Amino acid sequence: MTATTIPSFTKKEVLAALKEVVKESPDTVYQAPWHMDPERTGTCFYVHVDALGEPTGAGCVVGAVLHRLGVPLDVLRGAERLSASGALNYLGQDGDSQLAIQLTEVQFRQDQGATWEAAYTAVFGKLR
């Protein structure tokens, strides 16, 4: 068994990855796969899995950002049910920073049904 290396990243790298993710899918309104949220509670998942529990890709906007920054899906699954700030702490990053608070707000807005672009814009201003 080999140890998984969790990458570290700067605020600048996180913001760049967030912009990329949002620009690629600005109209995305997050919804978990049916089998992951059958009651349609609006639960957000960092990692989507198939019906057998195998990872199929990143889920929510913050999950997509963290995976783009090199966090393996199996590691990211360990952060499920944590806020974006909690996920950063889990990954050994600074979950108390202003950026962590902003990512948590983007995540919250996404979870309330905002498109990824609207969630981003509400927190960071117009996407450029």
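**View 1. The whole chain, read from end to end.** Follow the sequence along and you get the pattern α-β-β-α-α-α-α-α. The radius of gyration comes out at 14 Å, close to the 14 Å that the globule rule gives for 128 residues, so the chain is as compact as a globular protein of that length. This is a predicted model, with 6 helices and 2 strands in the chain. Along its principal axes, the C-alpha trace spans about 40 × 35 × 25 Å.

**View 2. Inside and outside of the chain.** Of the 128 residues, 41% count as buried. On the outside, the chain exposes about 7,000 Å², and 51% of that comes from carbon and sulfur atoms. As for who touches whom, take the contacts with a separation of 6 or more: residues 24 or more positions apart account for 51% of them.

**View 3. The largest nonpolar core.** This core has 39 residues, and Tyr46, Val61 and Leu66 are the ones touching the most other members. At least two core residues come from each of α1 (11–24), β1 (47–49), α2 (61–68), α3 (73–76), α4 (84–90), α5 and α6 (116–124).

**View 4. A close look at Val61.** Here we zoom in on one of the core residues that touch the most other members. Setting aside residues up to four places away in sequence, Val61 touches Leu18, Val21, Val22, Val106, Gln107, Gln110 and Trp116. One of these partners, Gln110, gets the next view.

**View 5. Gln110, a glutamine on the inside.** Gln110 sits in helix α5, which runs over residues 98–111. Its relative accessibility is just 1%, and the cut-off for buried is under 20%, so Gln110 counts as buried. What does its side chain reach? The side chain of Gln110 gets to the backbone nitrogen of Val61, at 2.8 Å. Beyond its neighbours within four places in sequence, Gln110 is in contact with Tyr30, Cys44, Cys60, Val61, Trp116 and Ala119.

**View 6. Val47 and its surroundings in strand β1.** Val47 belongs to strand β1. With a relative accessible area of 1%, Val47 is buried. Leu73 is 26 residues away from Val47 along the chain, yet their C-alpha atoms are separated by 6.4 Å. Leu73 also turns up among the contacts of Val47, once neighbours within four places in sequence are left aside. The rest of that list is Met36, Pro55, Gly57, Ala58, Gly59, Leu76, Arg77 and Glu80.

Terms used. Residues numbered from 1 in each chain as written. Predicted model: local features only at pLDDT ≥ 70, side-chain atom pairs only at ≥ 80, totals over all residues. Heavy atoms only, no water. Helix = DSSP H or I, 4+ residues; strand = E, 2+ residues; numbered from the N terminus. Buried < 20%, exposed > 50% of the residue type's maximum accessible area, 1.4 Å probe, protein only. Polar contact = N/O pair within 3.5 Å; in protein donor to acceptor, adjacent residues only side chain to side chain. Contact = heavy atoms within 4.5 Å. Core = buried A, V, L, I, M, F, W, Y, C linked by side-chain atoms within 4.5 Å. Rg over C-alpha atoms; globule rule 2.2 N^0.38 Å. Areas by Shrake-Rupley, 256 points an atom, 1.4 Å probe, with all protein chains shown as cover.
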